Amino acid sequence: MTYKLKTAYQPKGDQAKAIESLVKNIGKHKKEQILLGATGTGKTFTMSNVITHLDKPILVLAHNKTLAGQLYSEFKEFFPENRVEYFISYYDYYQPEAYVPSRDLYIEKDSQINEEIDELRHSATASLLERQDVIVVASVSCIYGIGDPKDYKDATLTLRQGDIIDRDTVLEKLVQMLFERNDTNFKRGTYRVKGDTLEVMPTYQKSTGIRFEFFDDEIERIRSFDALTGEILEDYSVITLFPATQFVTNKDKLEEGIQRIETELEDRLAYFKEEGKLVEAERLAQRTKYDIEMLREIGTCKGVENYSRHLSLRKAGETPSTLMDFFGDDYLLIVDESHVTLPQVRGMFNGDKARKQTLVDYGFRLPSALDNRPLDFDEFNEKIHQVVHVSATPGYYEFTRTNAVIEQIIRPTGLLDPAVLVKPKEGQIDDIVAEIQARIKQNERTLITTLTIKMSEDLTSYLKELGIKVAYLHSEIDSLERIDIIRDLRLGVYDVIVGINLLREGLDLPEVSFIAILDADKQGFLRSARSLIQTIGRAARNENGHVRLYADKMSAAMREAIDETNRRRAIQQTHNEKYNITPKTIKKDVRAAIRIKLEAEDEGKAKRLSEMDKMEKKTMVEDLGKDMRKAARDLDFEKAAELRDIIMEIKASM
């Protein structure tokens, strides 16, 4: 099938030119391109138009779950007739296995899997094996090893109406695909049998089962049905069932893999005994032998991913199979916010290795556990066929990879990049206060970014003394309170937010018309040219957007940021004058707040989290878990991610 874009919008400004250039370069088989799109220019819409010209699967990579959720919702709306899938880490809560030698403390892996997200992950891999018109929006978790796509595909079961096949043979195949028989609790990844009727619930469905009706050894009829009501939904002449897990292997491979585990265990035990590490040897022997028994009996074990190298018959250090391998040899990778996403991809390998190396050294895992890992950066690049790096401020790395830089500077709304003015530090606070007062009169908001905690706290206290409604946003504020502060700023509960790093908040605040950047001439990440451009862009959603940099000298980063902002502003202004466009502030609804307050029966007023006892917190976690799963079902992954963070914070306080 071809990609069909459903939207009432047409490309505006320089979107059409960007679309044409990107498509042309892809057709010429150019491996890497950059879409340098200013904030608010509709980069997602542009890439959606590019996709309609392609006949290949698309992988969209985002640096966190919240951004991935937003992109998934947008692409789902743009392509309702095509497969748009979502692939992120399926843990609501995840505590990795670890060992702290200084305290002799072993921390067992603890996790809670989100069934909704697991279903979506299976749907993604199944779609990639079935068709070409597939867009998968993924977080960087997609570079972690999963099962070999060849093994996954070989383990599929295709059944047709009229096939002559023994029912017990089908049941045996389902067991090999790691489906579980459950005649009472019919859920994803299970099957049930009654006489000549077999019912299967695929892992990529949660409410629709598949019913196979046998007559002797012939499949007489195949139907889908509603698992809750039993209503027949559709008849099939042929259907393909995919394995119940993405980690799957065949029987011969499993036996050979077990032999390889036993061989490695013998070598490792000999090493520990030679080194006089008898405790480590005993620890490793007990755990590994138990896991081998489980693998032989039921085909899996707890922590089976640590044996993935042997079970997939890979060599030590060999590149693991990841989601990227399911795309085949011809696909397009879109790296969103590439200046953040690529460094995150680069750093994941070493962080994972450091934790697992300690487990290996102290006898908790075999050395082969190190091969259950994310891709390193070179391996990641080798798996790329063609890529578009999308960012308002691409990193130096992206510029060294390609000379194909396509700019998208003009906003469909006509909004300009904010005017930027440099002012001396002397008298800066009085100047800021005057600007805040002017913005309050216009019912607009202000952001102030400082370099130190003390400066933020002192400035917040001073503004409060002047009667200004201000909040201080810092790293120790938990997710719930941070969300509420940002929401309250938009509603006018606060007129000002003071913070150190306002980049990481993902702020999208049309009400903000003034940004003050203190100590703009200092050196460091938060005052680099890229960070300054990103911070300045926070005021680009308001027609009165204005930014002041307070500094005593002009740093190279300041000059680069100001020049780039002025260059973009000039292009936008020329376009507006040519087409007689008047910029208008973006109108965006304020989302309902996420509340986790518990009504106190005796006082009739809300309790703070710190005032709740353990049982109250446990009740709250259960209620929030239901809300989180509902948000995931409604495809509101931004809200689901916020709720997940809040649940983790409550659990930590317990």
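The following paragraphs describe a parallel sheet in a predicted model and the helices that pack against it.

Strands of a sheet pair through backbone hydrogen bonds, either parallel or antiparallel. In this model six strands form an open sheet, with parallel pairing, and their order across it is β20-β25-β24-β21-β23-β22. Because β20 (419-423) and β22 (470-473) stand at the edges with a single partner strand each, one side of each of them is left without a neighbour in the sheet. Averaged over the sheet and with direction ignored, neighbouring strands are turned by 20° against each other.

Within this order, β21 (residues 445-449) and β23 (residues 496-499) pair in the parallel sense over four bridges, and Thr446 stands opposite Val496 in β23. Helix α13 (residues 428-441) packs on the sheet, where it touches β20, β21, β23, β24 (512-517) and β25 (546-550), and its direction makes about 170° with that of β25. Helix α16 (residues 529-536) also packs on the sheet, touching β20, β21, β24 and β25, with its direction at about 150° to that of β24.

Two packed helices are described by the angle between their axes and the distance between the axes. For α13 and helix α14 (residues 453-465), the axes come within 12 Å and cross at roughly 55°, and the two helices are therefore oblique to each other; their crossing is right-handed. On the α13 side the contact is made by Gln428, Ile429, Asp430, Val433 and Ile436, and on the α14 side by Met455, Leu459, Tyr462 and Leu463. By class, the contact of α13 with α14 has seven nonpolar residues, one polar and one charged.

Note on methods: Residues are numbered from 1 along each chain as its sequence is written. This is a predicted model: local features need pLDDT of at least 70, side-chain atom pairs count only at pLDDT 80 or more; totals for chains, interfaces and linings use all residues. Side-chain values use heavy atoms; hydrogens and water are left out. Two strands pair if DSSP finds at least two bridges between them. Axes are lines fitted to C-alpha atoms, for helices over the stretch in contact, and angles run from 0 to 180 degrees between N-to-C directions. Contact means heavy atoms within 4.5 Å. Angles under 35 degrees count as roughly parallel, over 145 as roughly antiparallel, 65 to 115 as roughly perpendicular and the rest as oblique. A crossing is left-handed if the near helix is turned anticlockwise from the far one by less than a right angle, and right-handed if clockwise. Ala, Val, Leu, Ile, Met, Phe, Trp, Tyr, Cys and Pro count as nonpolar, Asp, Glu, Lys and Arg as charged, and the others, Gly among them, as polar.
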